[in-house]
Amino acid sequence: MLQSKKTWLIGTLLLFMFICYAVFELFMPYSGDDLAYIDSTVNYVNERTVWHMPFKWAGHWLGSNGRFANMIFLSISPIFPHWLMALLNATFIMMMIYFIVVLCNFRGKDVTGKVFVISIITFAFCWWDSMQVYDCIYNYILSTALGLIFIKGIIENKAVKTKWGTWGVVLLSFVAGGMHEAMSVSLLCGIVAYAFMNRKFYTTLTRSHRMALKAFACGVVIVFFAPGIWIRFGGNITPDDPLHILLLKSDFLALGMLAMLCVGMCFAPWRKKI
C-alpha cells in the first residue's frame, strides 16, 4: 500500500511538471534559430516541392551541421501548429527527466532520491541559456532523451522477438546516434571504453542490440563527419560565450557528479553499487 502511494506521488509530481512545462511552452514564441529554420524551409518548399526536402537535409549536412535534431525540427515546425509543438516540447522534457530517474536505478521505495534528482534537473539545469528556443529543445533535450533510451536498452539487453521490433530498435538507435554530436560521440566513446574493460560486453548482447549498437555508431559517423560542422569549427566564428563562461555555466554539474563518483569509489559498499 505504501509503495503504491509513493509511486502515485512520483507520478503526480511528473504530471504536474508536464502541465507546467506545457503551459510555459504554449506562451513561448518562436525565436532565434526557430524563425530562421521555419523561414528557410517555407521558402524552400514554396520554390520547389516537399519532395525536395531530402536535398535540403543534404545541403544542411554539407553547409551547417549533420544534426538530425535540426533536420527534424526544420521539417515539422512549418507544418505543426504552435500548440502541438509546445506539447511535444513538454513531452520531450518529461522523457529526459523520466529516463534520468530510471537510469539512476533507485530502489522502488527510495522516493527521496527520485525527488532529489528531479529537483536537481528542474532547478540546476541551464534552462536560462537559450534552452527554451524550440530548436534547442530538439538539439539538447530530445537528443539526451533518445540517448538515454538507447543506453537503457543496451543495459537491459532484452531480446526483441519480432522483426518489426528489431528494426524499430535499430531505427531509434540510428536516429539517437545522429541527433547531436555532443551527446552521441561522448556516449559511444564511453561504450567503447567499457567494452575494452569488459571483453564479454559485446558478445553478451542480443542480436538486435548488436545491430542497434552498429546503427547508433552509423548515426554518430554521419553527424560527426558532416562537412558543415567542420567548416564552422575551422572558421573564424565568434563563440556565443568565452571558454571560462562556458565552463562555469555548463560543467559544474558534470564535475560535481565526477567528484561524487570518485569519492564513492573509495568506499567498498558504494564501489559495488557504482
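**Exercise 1. Disulfides**

How many disulfides does the count come to?

*Solution.* The model is predicted. Start with the criterion: a disulfide needs a pair of cysteine sulfur atoms within 2.5 Å. By this rule, the count is zero disulfides. Next, look at two cysteines. Cys-20 has 37% relative accessibility, and therefore counts as partly exposed. Cys-189 has a relative accessible area of 49%, so this residue is partly exposed. The upper limit of that class matters here, because exposed means over 50%.

**Exercise 2. The chain as a whole**

Give the secondary structure of the protein chain, then its buried share and its contact range.

*Solution.* Begin with the elements: the chain has 15 helices and zero strands. Then take burial. Of the 274 residues in the protein chain, 36% are buried. Finish with contacts that have a separation of 6 or more. In that set, 76% are between residues 24 or more positions apart.

**Exercise 3. Helix 5 against helix 6**

Classify the packing of helix 5 and helix 6, and name the residues that make the contact.

*Solution.* Locate the helices first. Helix 5 covers residues 82-103, and helix 6 covers residues 111-124. Their axes come within 10 Å and cross at roughly 140°. Helix 5 is therefore oblique to helix 6. The cut-off decides this, because only angles over 145 degrees count as roughly antiparallel. The crossing of helix 5 past helix 6 is right-handed.

Now list the contact. Helix 5 contributes Met-96, Ile-97, Ile-100 and Val-101. Helix 6 contributes Lys-114, Val-117, Ile-118 and Ile-121. Sorted by class, the contact residues are seven nonpolar, no polar and one charged.

**Exercise 4. Helix 8 against helix 11**

Classify the packing of helix 8 and helix 11, and break the contact down by residue class.

*Solution.* Helix 8 spans residues 163-179, and helix 11 spans residues 207-224. The axes come within 7 Å and cross at roughly 30°. Helix 8 is therefore roughly parallel to helix 11. The handedness of this crossing is right-handed.

Next, the residues. On helix 8 they include Thr-166, Trp-167, Ser-173 and Phe-174. On helix 11 they include Ser-208, Met-211, Phe-216 and Cys-218. The contact has 13 nonpolar, six polar and no charged residues.

**Exercise 5. One residue of helix 11**

Is Ser-208 buried or exposed?

*Solution.* Place the residue: Ser-208 lies in helix 11. Its relative accessible area is 6%, so Ser-208 is buried. Then set aside neighbours within four places in sequence. Ser-208 is in contact with Lys-158, Val-160 and Thr-166.

**Exercise 6. Partners of Ile-149**

Which residues does Ile-149 touch, not counting residues up to four places away in sequence?

*Solution.* Ile-149 is found in helix 7, residues 134-156. Its relative accessibility is 22%, so Ile-149 counts as partly exposed. The limit is relevant, because buried means under 20%. With the sequence neighbours left out, Ile-149 touches Met-95, Phe-99 and Leu-172. Add a distance: the C-alpha atoms of Ile-149 and Ile-100 are separated by 9.5 Å. These two residues are 49 residues apart along the chain.

**Exercise 7. A loop residue**

Where does Met-28 lie?

*Solution.* Met-28 sits in the loop between helix 1 (2-26) and helix 2 (33-47). Its contacts, not counting residues up to four places away in sequence, are His-82, Gln-132 and Tyr-134. Now compare chain and space. Met-28 and Val-133 are 105 residues apart along the chain. Their C-alpha atoms are separated by 8.4 Å.

Conventions:
Residues numbered from 1 in each chain as written. Predicted model: local features only at pLDDT ≥ 70, side-chain atom pairs only at ≥ 80, totals over all residues. Heavy atoms only, no water. Buried < 20%, exposed > 50% of the residue type's maximum accessible area, 1.4 Å probe, protein only. Axes fitted to C-alpha atoms, helices over the stretch in contact; angles between N-to-C directions. Helix = DSSP H or I, 4+ residues; strand = E, 2+ residues; numbered from the N terminus. Parallel < 35°, antiparallel > 145°, perpendicular 65-115°, else oblique. Left-handed = near helix turned anticlockwise from the far one by under 90°. Contact = heavy atoms within 4.5 Å. Nonpolar A, V, L, I, M, F, W, Y, C, P; charged D, E, K, R; others polar.
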